[in-house]
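Me: I've got a model open and want to talk through how a few of its pieces fit together. Can you take my questions one at a time?

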Amino acid sequence: MAVTFPTPRRLGYRMNLTGALAALVVLVWAIVAIIGPWFMTHDPGEIVDFEYFGPITKQLWLGSDYLGRDMFSRILMGARYTVGISLASVVLACASGVVLGMTAAVTGGWFDTVLSRLLDALNSIPSKLFGLVMVAAVGSSIPVLILVLAVIYLPGAYRFARALAVNINTMDYVTVARARGERSPYLILNEILPNMTGPVLADVGLRFVFIVLLLSGLSFLGLGVQPPYADWGSLVRENIGGLPFGAPAVIVPSIAIASLTISVNLLIDNLPTKIRDRSE
Amino acid sequence: MQNLVEIRDLRVKATTDAGNVVPIIKGVSFDIAPGEIVALIGESGSGKTTIALTLMGHTRKGCDISGGEVRIAGRDVVRMSERQRQSLRGTEVAYVPQSAAAAFNPALRLLDQVIEVARIHDTMTMPQARAKAVELFRALALPDPENIGKRYPHQVSGGQLQRLAAAMALIGDPKLVIFDEPTTALDVTTQIEVLRAFKSVMRDRGMAGVYVSHDLAVVAQIADRIVVLKGGQVQEIGDTAQILHEPVHPYTNELLSAFEPRSFARPARPAEVTPPVPVLEVQGVHAGYGPTGPNGLPYKMVLRNVSCRLEKGCNLGVIGESGSGKSTLARSIAGLLPPARGQVLLDGRRLEPASAQRSKEDLRRMQIVFQLADTALNPARSIGDIIGRPLSFYHGLRGAEKQARIAELLEMVRLPRAMAHRLPGELSGGQKQRVNFARALAAKPEVILCDEITSALDTVVAAAVIELLKELQRELDLSYVFISHDLSTVQAICDEVMVMNGGETVETLRAADLPDGARHPYSKLLFSSIPQLDTGWLDSVPARAI
């Protein structure tokens, strides 16, 4: 008898080609974010080229930026900021939003009302302005950026999760669990959460893109990642002058942002059915 | 005489999402003479609605007519162009859907929707169409036929809406009317009026009809001939009387026997064994929804002063129409809707009103099983997890011990052990209901509240579930509160039957005295409205005074 190994396919985690490719791209960027800086060919802050917006050469793999710094090293370093900060804040925002949303839906009553109004109030503050004030007041550092971005996107994630959970909360299987005497944490984790993973994951993908964009926006205002380092969004912004010359300095970070955000969304849309929507 | 409809070797196939082609209808042939009503009967999935829809040249999404012909008045609808079919629909063939409530646009007046067919096909002027609609309303015994058309769909009752849907179908003077389970969603007392209206209209106008239903007794009243279907194939075709009294095919026999009310024959129990304290007692329960008023009662009262008692090892049936408060009673007993007044006693001990305040032990001893197994089982969790949770929650079972008990429970409800790894979506309706029940059994309860647990199942499947309940009762010494709108089901399992109407107890009867022992006028009306397997039944029941 042949020995069968528990490959993802045999376990029922079948994924289509699009999903697998997207997963690969996301994985590559994640690895770059972690170990990329060890492979930098130059110091990202050092001016190494006398030309600005230099072309791709043997020494400068992705050309040079508007000051003549090595783009390859700057992109590797930027990956750490963009992927790291965005991922950390999206996880923070969605995890707390979903947990609070489900708790509010299950508990109901004044807890739900107070929390909902509070987060609605937070939602009414323009996100850029809020980020501006917070970062200006506390000073820009990576933990502050992560927290501010998470707080900005929390109300949306909360609203989304609460709307889903309120619907699931009225299903008979939740009523059966209540009649059994189950407490709220069990209801939330075992009865409600597994039935909303699909939409919640889609929401995570969307929010991730928003956060990447907002982070670039904050960097543009000089409140995000501080020079000489830069996230991808700021790389695009500071090299925008190279666009008429078709400089790689502006094209490559744009491609990096596009490939990451599109891949994250494609990955989530093409996750194996077993994870995305078990009820199907 | 030429037949109005001739179906020859009809084949319909469906393409699943995975791309597999599944035959649904496998070579069906039958005829319908002008003015004849033919019933298509079978379980869900037997293809009865699919066949009825092909008469209009329509198939549901993902299905295709792959062969055979459907001739209506000599013309083959299978080979017609879509434009030709459109001119056919409404004027030659018309359709009455199962759920009229979903078929009407809530934003338009009823009359405008009823005469829409005349407008689309331009068969008559609007004043003519309106006059004709009023005439139809009168023929269908709708109250206030002149003015009912000015109302909106939410302003009429379910039974009236179903008759209005029939008026919509009949306005184009079709030769053939398709009734797709038109009374399945109605209460028995409403059903009888709707059936009577349909029958007289069809008879007066000499229209041919196709009546799709799973209920033999209903079909017996209205059909001239019956086609028995199973798995997309004709099992038996015959005159109504022949099918009912001299069925040839074993499947027809099975359908008939599932319908026969079988009284609950329990071995005679010695009187002295009966304990003086009932296992469950409900005393003067008031319950309802909405904010609590100054009198301490909720704004919308659903239950008023309901009392009942259940002896150990006995079964109490609760019967009533929709809105009678029978499901609310189950929720109140289970503490999901805490009673505003009155109390629930388990083994003579008072229970806290709300389930959240009850002890785990009290909750364990009384379990509730819901009607729709589709929504009562978490679609994201495996059957093993679903049944295993009460085991670890109440009894603290873990690991191998728990798995063994899950297998044992699955066996108890006659399901294979391997099913523990499947998800609810992969099970059939009857299997889901068994899992639903196994979950309640896992708690080792003394009382199980069964809320319409067989209502969503086919008759044959439902009969098997009832048999299972009886067997388990003998083995595990359970007591059931059995809520249903279907008298024959209640009769099959209960010792005592409580009739409810408008949130109040009408009367409590011994099952042995049913249905003739009813004394209260409402229970008499309810019992007399239940269709009998007898072709002359509908005409023998006196019309209800409206």
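Me: How many Å apart do the C-alpha centres of domain 1 of chain B and domain 2 of chain B lie?
Reply: Keep in mind that this is a predicted model. The domain assignment splits chain B into domain 1 (5-257) and domain 2 (279-289 + 301-514). Between their C-alpha centres, the separation is 36 Å.

Me: And by class, which residues does the side of domain 1 of chain B that touches domain 2 of chain B have?
Reply: The contact takes seven residues from domain 1 of chain B and six residues from domain 2 of chain B. Sorted by class, the domain 1 side has one nonpolar, three polar and three charged residues.

Me: Over in chain A, are H4(A) and H8(A) oblique or parallel to each other?
Reply: Helix H4 (residues 127-138) and helix H8 (residues 197-220) of chain A pack with their axes 11 Å apart, at an angle of about 55°. Angles from 65 to 115 degrees count as roughly perpendicular and those under 35 as roughly parallel. So H4(A) and H8(A) are oblique.

Me: Which residues of H8(A) make the contact with H4(A)?
Reply: H4(A) passes H8(A) in a right-handed crossing. From H4(A), the contact uses A:Ser127, A:Lys128, A:Gly131 and A:Val135. The H8(A) residues are A:Leu214, A:Gly217 and A:Leu218.

Me: Back to chain B: which residue stands opposite B:Arg71?
Reply: An open sheet of four strands runs in the order S2-S1-S4-S5 (chain B), with antiparallel pairing. Strand S4 (residues 63-72) of chain B is joined to S5(B) by two bridges. Opposite B:Arg71, in S5(B), stands B:Asp76.

Definitions and conventions:
Residues are numbered from 1 along each chain as its sequence is written. Chains are lettered from A and ligands numbered from 1 in the order in which they are written. This is a predicted model: local features need pLDDT of at least 70, side-chain atom pairs count only at pLDDT 80 or more; totals for chains, interfaces and linings use all residues. Axes are lines fitted to C-alpha atoms, for helices over the stretch in contact, and angles run from 0 to 180 degrees between N-to-C directions. Angles under 35 degrees count as roughly parallel, over 145 as roughly antiparallel, 65 to 115 as roughly perpendicular and the rest as oblique. A crossing is left-handed if the near helix is turned anticlockwise from the far one by less than a right angle, and right-handed if clockwise. Two residues are in contact if their C-beta atoms, placed from the backbone, lie within 7 Å. Domain bounds come from an automatic or database domain assignment. Ala, Val, Leu, Ile, Met, Phe, Trp, Tyr, Cys and Pro count as nonpolar, Asp, Glu, Lys and Arg as charged, and the others, Gly among them, as polar. Two strands pair if DSSP finds at least two bridges between them.
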